[in-house]
Amino acid sequence: MPDYDCFLSYSHAADSRLATALRGGLHGFAKPWYRLRALRVFRDDSSLSASPHLWAGIEQALQSSRWLVLLASPRAAASAWVGRELDTWCAAGRSDRLLIVLTDGDLVWDHAANDVDWGRTTALPPVLRGRLTDEPRHVDARWVATETDISLRNPRFRDLVAELSASVHQRPKDELIGEDVRQFRRTRRWFGSLVAGLAVFAVAVSLTAWAAVDQRDRARTERDTATSRMLAAQAVTGRPTRLDRSLLLSLAALDVRDTAEARSALLGSVEYLPQLTRFLDGSGGPAGAVAVSARANLVATARNRDVVLSDATTLQPTATLTGTGATVIGIGLNADATVVTTVDAQGAVTRWRTRDRTVLGKPATAGKPVEAAAFSRDGNRMALLGDGAVTVWDGTAFTPVAAPEPVASIAVSPDGRTLAYGLEFGIRFVDLRTHRPRGPDITIAVGDYSQRVSALAYSPDGTLLASGGGGGGVITLWRTGDHQRDGEFGYIAGERAPMTAMAFDTAGTELLAADREGLLTRWDVAEQQQIGEPLPSQGVVAGLAAGPVDAAFIATTTEGAAIRWDLNRTMRLGQGLLGGASDMVSTVVFTPDGRHLAVVTLDQITVFDAATRKAVTEPLDGTYTSVAFNPAATVLAAGTTDGQVRLWDTRTWRRLPADPAGHDGDVTGVAFTPDGKLLVAVGADGTILSWDARTWQRTGAPSDTGAGETRTVAFQPGGRLIAAAGADGRIVLHDADGGVVTGAGHHGGVHGMGFSPDAETLVSTGGDGRLMLWDAGTGLPRGEPLVQEETDLGAVAFSPDGTMLAVAVGRRIVLWDVPGRQRLGDVLTGTLDAVQSLTFSRDGLLAWGSYAIAPTEELAAIADARPSSWRAVACTMAHRELTGQERSRFTGPSRPLCGPK
């Protein structure tokens with residue numbers, strides 16, 4: 001039997017389809033043209049001939065294979081054939097050449113035991129117990145179950161095949177990807193015949209050399225494009241659980257090649273979960289326990305055996321307490337955070353002085369493993385939970401607490417006097433001074449699901465205790481004075497994931513609850529109502545503490561570093577300028593130099609400094625429909641609903657005496673000519689008027705837009721065109737010489753229009769759900785619509801360089817890559833109501849105004865729409881670089897993404 005590179009071990013009932021696709025993918029990925037296959041892969045159905053000795057054939061194939069690829073799933077774990085194959089493989093001492101592809105179930109590694117966590121792992125056969133000396137390298141392919149296309153055309157499947165091929169070939173993955181691109185694109189050129197003569201031969205040689213260089217350059221470009229797109233796809237896939245890594249992978253994709261997919265991945269990652277404000281520095285490994293001192297503005301997080309102290313405002317590390325024992329699972333701070341108390345997984349308690357990071361006295365030990373710890377607010381008392389039993393430490397001695405059944409959760413009251421511990425059907429209380437029961441027990445009635453109290457949390461003032469349930473997910477509030485129920489929320493008909501952690505905010509008005517499914521749910525304590533939708537917590541939350549201000553929390557998860565959350569935050573790139581209720585911003589306009597922004601609401605104009613976001617003048621009262629600054633930004637002109645144009649000197653904000661008039665009804669658009677000599681206005685009556693910008697006297701006779709009742713207007717930058725849309729949806733391009741070009745327009749009316757900075761393209765949106773680009777010279781469409789059937793299309797605006805397009809879609813703003821005609825993603829989601837107006841400043845700031853019924857601070861806002869700023873935000877959020885393991889897995893050797901290049 002021939003030698004094999006890989007042996008596929010899998011459950012036929014679960015993964016036959018994936019095994020077939022993997023065999024074909026490994027055969028063809030990075031295959032040189034002159035070879036039959038890149039790798040020789042054994043799969044029983046395809047590689048074995050009919051034989052009465054089935055096992056003998058499989059055993060021989062195992063012996064002649066260099067690697068074993070296990071498609072791990074609960075069915076594979078239960079398969080006798082899979083177990084026998086793995087037993088044979090490991091018995092031969094080859095467990096280090098095992099690759100695992102997780103297709104279903106869970107695979108959890110226990111770092112403390114240096115073995116698989118068999119209590120939580122469902123996808124591996126029991127024969128592997130104790131046989132893996134190191135954490136096995138595995139690829140998560142659980143997404144395949146819902147994927148229709150599992151071929152090399154699918155970027156995610158191609159990445160899976162590249163991951164396995166890289167291990168078998170023992171070559172970096174990016175090198176194999178480049179090889180695959182080159183082999184795929186390589187063609188051989190044949191020449192018909194050679195022409196006589198040295199001169200012709202020289203030309204032929206030159207052409208051949210040019211073609212080779214061109215082919216090489218194109219192959220490199222295509223390789224880099226494919227790599228950039230692959231990294232972008234990985235960034236998008238990993239957002240719900242590892243946003244910090246997704247941000248860095250997006251940056252890596254941009255570094256390989258600036259593709260629309262890479263920019264889209266970066267924008268999506270930067271705007272994902274705006275409530276997640278920042279990751280704490282994660283270079284030291286996954287975070288565990290967490291404690292916060294608002295008084296000392298300090299955050300303490302556990303990183304394996306160490307504790308990192310950080311500034312609670314900047315999140316910059318200030319010190320590291322270097323431990324020597326087991327993993328730290330609990331942290332306590334005294335009132336002024338001058339002393340830090342830690343407990344590790346082996347029950348060792350250590351007190352540190354933060355000033356000089358020295359250990360105070362000799363560490364004490366509980367003498368048994370510990371799973372969780374709870375501290376009093378001053379850090380002087382502690383409860384330790386291990387193996388279902390509770391031990392209390394008062395700074396000098398350990399005292400066991402009697403419990404009728406295994407304990408599931410613990411909490412110490414803020415004053416340090418009471419220990420609450422949760423059981424299967426209730427809560428008990430212990431006086432920490434006398435170690436005797438305190439007050440009546442709380443009994444939780446048996447329901448349809450487990451009522452196990454899986455999490456407990458005291459309010460900051462100690463008057464309330466929150467208990468989180470197991471199956472069913474009930475959160476109950478109890479009064480600590482009489483242990484009576486104060487409220488209940490969180491129950492959903494049907495089983496809900498158990499709570500893993502809960503915490504009140506600093507004011508005690510809100511409760512944040514984390515569950516085992518990786519979701520954070522915010523609750524209003526007084527109203528007992530959920531606030532907003534649950535948020536992905538970036539893994540299962542292991543530690544949760546209130547931050548130094550209201551609605552701020554620090555959370556640690558099983559997946560990565562500690563995270564700061566600001567639950568009141570709704571935007572990451574944007575900042576609100578103007579608040580209000582029952583109001584609408586109809587127009588926003590930057591000054592030509594981008595220093596100021598005029599915001600038009602229903603009854604006034606407010607002008608803001610774009611840098612400080614502060615108003616520079618009192619509101620200019622009146623009902624205005626359109627505004628414009630002259631090129632020098634010394635005059636502000638505003639069209640009114642009564643046909644006039646009002647003028648202000650922006651140096652003093654005094655009204656100019658002239659009030660140019662002449663329209664019948666709304667002035668739908670005003671603009672100054674590029675030289676600043678004329679003011680032009682278009683009215684809903686379909687007329688165009690102009691005035692001398694020095695004397696404010698009318699120049700020439702009124703002209704007709706040709707659009708009838710004109711509702712939407714756009715002025716060509718630096719040009720002579722005016723685009724006008726009438727009530728019937730027709731678009732008319734009108735120039736200063738009286739020429740008129742009629743475009744097709746939109747059915748259902750035109751909702752928004754704008755010219756590109758080079759004045760050659762007009763963009764429009766309409767009630768027919770189309771987003772169109774038009775040739776400004778001919779009025780003809782530039783290609784197919786960018787969007788065919790999108791509801792709620794509204795205002796549009798080009799970026800200053802014309803490469804991006806911002807489009808209002810209901811409550812969202814969507815950015816488009818114009819050259820590639822590709823959607824980049826949303827820069828804004830979740831305003832109170834529809835976005836009404838959009839504009840870019842010359843340096844890339846994007847301003848918008850919306851409509852709001854309820855009170856909001858974001859009636860008008862400014863966001864930074866420059867991709868260069870997205871990079872800076874991504875680096876600030878991630879707060880780290882890719883680790884060596886991540887570079888090996890995703891990018892290979894690479895330059896720093898956020899540091900000096």
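**Close-up 1. Cys898, a partly exposed partner in a disulfide.** In this predicted model, Cys898 has a relative accessibility of 29% and so counts as partly exposed. Its partner tells another story: Cys875 is buried, at a relative accessible area of 16%, which falls under the 20% cut-off for that class. The two residues form a disulfide in which the sulfur atoms sit 2.0 Å apart. Look along the S-S bond and you have a left-handed link, with -90 degrees about that bond for Cys875 and Cys898. Where do the two ends belong? Cys875 is part of helix α11 (residues 867-878), while Cys898 falls in the segment after α12 (884-891), so the disulfide ties together parts that are 23 residues apart in sequence. The count for the model comes to one disulfide.

**Close-up 2. Cys6 and Cys90, two cysteines without a disulfide.** Here we turn to a pair of residues that stay unlinked. Cys6 takes part in no disulfide, and the nearest cysteine sulfur, which belongs to Cys90, is 16 Å away. Cys6 is buried, with a relative accessible area of 1%. Cys90 is likewise in no disulfide, its nearest cysteine sulfur being that of Cys6 at 16 Å. With 11% relative accessibility, Cys90 also counts as buried.

**Close-up 3. Helix α9 packing against α12.** Helix α9 covers residues 243-256, and its axis lies 12 Å from that of α12, at an angle of about 50 degrees. That angle makes α9 oblique to α12. As for handedness, α9 passes α12 in a right-handed crossing. Which residues make the contact? On the α9 side they are Arg245, Leu249 and Ala252, and on the α12 side Glu886, Arg889, Phe890 and Thr891. Sorted by class, this contact between α9 and α12 has three nonpolar residues, three charged ones and one polar one.

**Close-up 4. Thr391 and its surroundings in strand β20.** Our last stop is Thr391, found in strand β20, which spans residues 389-393. Is this threonine buried or exposed? Thr391 is buried, with a relative accessible area of 7%. Which residues does Thr391 contact, leaving aside neighbours within four places in sequence? Lys368, Met382, Ala383 and Leu384 are among them, and so are Phe398, Thr399 and Pro400.

How values were computed
Residues numbered from 1 in each chain as written. Predicted model: local features only at pLDDT ≥ 70, side-chain atom pairs only at ≥ 80, totals over all residues. Heavy atoms only, no water. Disulfide = S-S within 2.5 Å. Helix = DSSP H or I, 4+ residues; strand = E, 2+ residues; numbered from the N terminus. Buried < 20%, exposed > 50% of the residue type's maximum accessible area, 1.4 Å probe, protein only. Axes fitted to C-alpha atoms, helices over the stretch in contact; angles between N-to-C directions. Parallel < 35°, antiparallel > 145°, perpendicular 65-115°, else oblique. Left-handed = near helix turned anticlockwise from the far one by under 90°. Contact = heavy atoms within 4.5 Å. Nonpolar A, V, L, I, M, F, W, Y, C, P; charged D, E, K, R; others polar.
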